[in-house]
Amino acid sequence: MSLRDFMDDLHSKSESYSIKLGVTGVGLNDSSDAFRHAWSSAVISRDYGLGIAENLGYLLEIMAVIDRGSDEEPASRMDVWNNQIGREIQISLGSTATDDQLADAVKKALDQGRLIIKAGGTSTPAISPTTN
């Protein structure tokens, strides 16, 4: 499977969970986008390890800024934050967490204001993700 196919599959699954769990948005710099990043990062962390998830997340955001210019940087910072929250969720649930369990935990984080849902925004309450 190519990286593009892998990412498209994650996107499709996260969109299905978003609909199932009532996450609103169109998927760009909104709640749905935040959910997608956190859930996908949690899944990648579980399946491939924290290092791969962290590095892949950073790589994709760097590529977005290079491709689209510096105006993309606030959105990329939002995505990096949400990716970190997803990794933290995976750590807390462990390696046996199912996709459903990860989705429920990400939705809870979204409802608690831990995810950033607007480019240039902050989480509420403004908290700092832990470093691994």
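This passage describes the nonpolar core of a predicted model, the packing of two of its helices, and one serine. Local features need pLDDT of at least 70 and side-chain atom pairs count only at pLDDT 80 or more, while totals for chains, interfaces and linings use all residues. Residues are numbered from 1 along each chain as its sequence is written, and side-chain values use heavy atoms, leaving out hydrogens and water.

The largest nonpolar core (buried Ala, Val, Leu, Ile, Met, Phe, Trp, Tyr and Cys residues joined through side-chain atoms within 4.5 Å) has 27 residues. Leu10, Phe35, Trp39, Ile89, Leu102, Val106 and Leu115 have the most contacts inside it. At least two core residues come from each of α1 (3-21), α2 (31-48), α3 (50-68), α4 (73-93) and α5 (99-111), helices being DSSP runs of H or I with at least four residues, numbered from the N terminus. The largest share, seven residues, belongs to α2. Beyond its neighbours within four places in sequence, Ile89 is in contact (heavy atoms within 4.5 Å) with Leu102, Ala105, Val106, Ala109 and Arg114.

Turning to helix packing, α1 and α5 meet at an angle of about 60°, with their axes (lines fitted to C-alpha atoms over the stretch in contact, angles running from 0 to 180 degrees between N-to-C directions) 11 Å apart. Here Tyr17, Lys20 and Leu21 of α1 meet Asp99, Asp100, Ala103, Asp104 and Lys107 of α5.

Finally, Ser12 sits in helix α1. Its relative accessibility is 41%, so Ser12 counts as partly exposed (buried is under 20% and exposed over 50%, with a 1.4 Å probe and protein chains only).
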